[in-house]
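Hi,

Here is the structure I promised to pass on. Have a look, and my notes follow underneath.

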Amino acid sequence: TFSGETVTYGPDELASILKRFLVHTELGMDRALRVGSRGDGDDGSTGVAPSYFSYDVTEYEETGESDAKGQPYVKAKAFEVGTFPLFLEGPVRMMKTIPKDSYDEQISVYNNVKASGLYDEPQNAFTVSASLVGQSIDMGRMMAFSPGWLENQSIWTHMSYKFYLQLLRGKLYDVFFSELTGGGMLPFQDPLVYGRSLMECSSFVASSAFPDANQHGRGFLARLSGSTAEFLSIWSLMFIGPRPFVVDEMSHELKMQLQPALPEWVFDPEGKVSFKLFGHIDVTYHNKGGEALKGTSPKRYEVEFKWHDGKDVVEEEFLPEYIADQARRLDVKSIDAFF
């Protein structure tokens with residue numbers, strides 16, 4: 001507890017407490033959206049979730065105590081909320097709270113972000129913040145940078161990749177495929193503009209807000225940043241799916257399922273694309289129809305094992321437990337999945 005006392009709760013009582021926590025959290029999210037954001041060109045009506053607030057003490061009383069410098073300790077009795085410009089982190093976090101099947105809610109967040117100051121239209125990318133013009137230096141080091149550079153309205157690769165990942169998790173497949181190739185992600189950028197190998201992530205890309213137009217779209221501070229981890233998550237969702245292994249609720253058996261989300265241009269003229277699962281298992285998708293796969297399950301599998309000749313054919317969306325177990329043990333040589 002806040003008093004430092006250790007208290008033991010049973011499961012029912014704890015569940016009740018957690019439900020109340022959840023209600024208060026959701027109420028806080030609603031209040032945050034009503035308070036909104038304020039900044040250069042932002043009157044608070046964007047509908048985009050704000051990321052940060054400030055709190056100024058407007059009423060207090062002294063406790064009678066003081067610190068080593070003689071400054072009095074006070075007990076705050078009232079606060080005034082201050083608002084800031086938009087940051088991309090707010091809508092990214094908000095999308096995590098929306099059920100993945102709630103298409104209307106997910107697409108609403110995306111549309112609001114794209115219509116806000118977080119969207120860099122000339123580069124078709126999303127910036128880490130909207131314009132910080134007019135903000136106090138008290139915001140921190142971001143105010144020391146020129147607009148379009150580092151934390152001040154640049155295309156912060158890690159955060160923008162988080163946004164793209166949430167588009168994919170939210171099943172906004174067409175939107176994600178469009179953003180993937182539209183200029184916001186490597187390797188679908190112009191290397192002459194980017195200024196380095198398209199296989200090399202940068203900490204940030206100078207946005208169109210940067211004063212020197214010659215630097216727009218150029219990547220700076222190449223490193224293994226968080227964008228690398230986000231890209232691996234994106235790759236995994238695209239080629240494998242969100243839950244390759246599940247436990248059947250009725251039989252309690254382990255099952256395996258591949259649910260790729262791949263645009264049509266990924267497939268070769270024969271409708272095939274291949275990858276390595278877990279670094280060992282050759283997986284080939286057969287998509288003769290040539291259409292994009294949007295979290296689609298195969299209709300048939302052909303599985304080849306390392307320990308016997310021939311292939312096991314499964315005419316279902318799920319692979320049974322014996323195959324799922326062998327795949328986890330890396331005893332499966334190859335999987336051909338047909339859509």
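**Around Ser37**

Ser37 sits in the loop that links α1 (11-35) to β1 (53-66); helices (H or I, at least four residues) and strands (E, at least two) are DSSP runs, numbered from the N terminus. Bear in mind that this is a predicted model, where local features need pLDDT of at least 70, side-chain atom pairs count only at pLDDT 80 or more, and totals for chains, interfaces and linings use all residues. Residues are numbered from 1 along each chain as its sequence is written, and side-chain values use heavy atoms, with hydrogens and water left out.

Ser37 is buried, at a relative accessible area of 1% (buried is under 20%, exposed over 50%, partly exposed in between, with a 1.4 Å probe and protein chains only). Leaving aside residues up to four places away in sequence, Ser37 touches Asp42, Asp43, Gly44, Thr46, Pro50, Thr83, Phe84, Pro85 and Leu86; contact means heavy atoms within 4.5 Å.

Just before it, Gly36 follows α1 and has a positive phi, near 75°.

**The cores**

The largest nonpolar core (buried Ala, Val, Leu, Ile, Met, Phe, Trp, Tyr and Cys residues joined through side-chain atoms within 4.5 Å) has 74 residues, and Phe163, Tyr164, Leu167, Phe176, Met256, Tyr285 and Ile335 touch the most other members. Helix α4 (residues 157-169) gives the most to this core, with seven residues. There's also a second, separate core of five residues, including Phe84, Phe87, Met139 and Met142.

Cheers
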